[in-house]
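The following note is offered for review. The points concern the nonpolar core, two helix contacts and one residue of interest.

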Amino acid sequence: MCAAERTPLDAPLNFLSTDSVLPTLIFDKTPLWEEKGWIGAPLAKYLRPFINHLRRRCAPTTFGRITGEDERQTLEKARQDASMARPQTFHKANPPARVIDPHFELTGAKLSSLTQAIAYRGILERRDTPNRRQTEENLATAQAHMKTSQTRCSIWMSARHKDFSRAFAVFLWKLMHGGLKCGAYWSKIQGYEERAMCSHCGAVESIQHILFECNATGQSLIWSLARTIWEKKGMEWPSLSLADVLTLGLTAWPSQKGRVRPGATRLWRVLISEAVHTIWKLRCDRVVGHAEDEQWEHNKTFVWNKLQYTLNNRLALDVESVQRKYGGSALKRDLVLATWNKVLRDEPALPRDWTMYRGFLVGRTPALRVDLEPD
Ligand SMILES: [Zn+2]
């Protein structure tokens, strides 16, 4: 940057280097980044004004690699000069100005090379909206709930944990922003205030109420089934709060020796995320799908089957994901076994490595299923 800015525009300029980083950035990367309007491009802050300056030049500019011995010696001499104590007579130069001349600047992105994802990133880069109040509160709750200090970034990253279904990750994102349509959401909208109340209990229908307090069939039954499964794993059921849901991706279960138990930890994430999401879906089914009958509720068998079905699906997905055909993205067999061992039906009758077992096929017994029955 300094060399380019201090060389007159009509004097030749030769860049020499021991590696090819600069030519690669200029000749290979820059055309691609320019097509995408520099969205998400690293070094854009420096490279953009640099390219702009080079375009202003009318004399040749060359980029080369040092190969000859005399060139190497020149470079070595320059390095020694630069590292020597500065003579008193030297004046300190200003850092590069990084001025951009609009006549030599490509702006915007090429429509043909723009994807929705890049465009969205571009919008986010330009926007600087403050967080919503509810988001701030939830982030603070999540941070306060963790024993170790967590950055906001790690909380957001954990909300998209790979052990979550995509649908749950979306749910959690909305929950974090206070964007789920219930309770306080409706009380702010004229004409819809009554929707803020739980039609079953008459209380304010907050997320806290839906997930942990509502008397309509679903909430407490799902939690008691989740507890049954968790205790089969040999684990103690903790008291749960909304903060546990917000920090679910960061929760780890240690063994007595203090090491993280990967299997139990993963089961916890799958179990709690699916339980929460099932409760939410049951609530929407009841409130939105049966709005005309306020006293309507699910029957217990339906709720039981719904959770069973959801968890069996996750189990089946896990078994499928360990197959070798998925290569590097395949799940580790040991992790899948560690996740579900002790919570399967008729486990002693299953082969030791049941991930190879084709028991999902109809008619084979015993089928590979999660066991929701209390011992
Ligand atoms: Zn209720």
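**Core and helix packing**

1. The largest nonpolar core comprises 43 residues, and those with the most contacts inside it are Ala226, Leu271 and Ile279. At least two residues of this core come from each of helix H8 (166-176), helix H10 (207-213), helix H11 (219-232), helix H12 (242-246), helix H13 (262-287), helix H14 (300-321) and helix H15 (333-340). The most is given by H13, with 11 residues. It should be kept in mind that this is a predicted model.

2. The contacts of one core residue may be stated explicitly. Leu271 touches Ala226, Ile229 and Trp230, when residues up to four places away in sequence are not counted. As general background, nonpolar side chains tend to be buried together in soluble globular proteins.

3. The packing of H11 and H14 is considered next. The axes of these helices are 10 Å apart and the packing angle is about 45°. H11 is therefore oblique to H14. The crossing in which H11 passes H14 is right-handed. On the H11 side, Leu221, Ile222 and Leu225 take part, and they meet Lys300, Val303, Trp304 and Leu307 in H14. By class, the residues of this contact are six nonpolar, no polar and one charged.

4. The contact of H13 with H14 may be described in the corresponding terms. H13 and H14 pack at an angle of about 140°, and their axes are 10 Å apart. Because angles over 145 degrees would be needed for a roughly antiparallel label, the pair H13 and H14 counts as oblique. H13 also passes H14 in a right-handed crossing. The residues of H13 in this contact are Val270, Glu274, Thr278 and Leu282, which meet Val303, Lys306, Leu307, Thr310, Leu311 and Arg314 in H14. This contact of H13 with H14 has five nonpolar, two polar and three charged residues.

5. Is Thr265 buried or exposed? Thr265, which is found in helix H13, has 17 other C-beta atoms within 10 Å and is thus partly exposed. A residue counts as buried if 20 or more such atoms lie within that distance, and as exposed if 12 or fewer do. Leaving aside residues up to four places away in sequence, Thr265 touches Ala252, Trp253 and Val260.

6. A long-range separation completes the note. Thr265 and Phe15 lie 250 residues apart in sequence, and their C-alpha to C-alpha separation in space is 54 Å.

Technical notes
Residues are numbered from 1 along each chain as its sequence is written. This is a predicted model: local features need pLDDT of at least 70, side-chain atom pairs count only at pLDDT 80 or more; totals for chains, interfaces and linings use all residues. A nonpolar core is a set of buried Ala, Val, Leu, Ile, Met, Phe, Trp, Tyr and Cys residues joined through C-beta atoms within 7 Å. Helices (H or I, at least four residues) and strands (E, at least two) are DSSP runs, numbered from the N terminus. Two residues are in contact if their C-beta atoms, placed from the backbone, lie within 7 Å. Axes are lines fitted to C-alpha atoms, for helices over the stretch in contact, and angles run from 0 to 180 degrees between N-to-C directions. Angles under 35 degrees count as roughly parallel, over 145 as roughly antiparallel, 65 to 115 as roughly perpendicular and the rest as oblique. A crossing is left-handed if the near helix is turned anticlockwise from the far one by less than a right angle, and right-handed if clockwise. Ala, Val, Leu, Ile, Met, Phe, Trp, Tyr, Cys and Pro count as nonpolar, Asp, Glu, Lys and Arg as charged, and the others, Gly among them, as polar.
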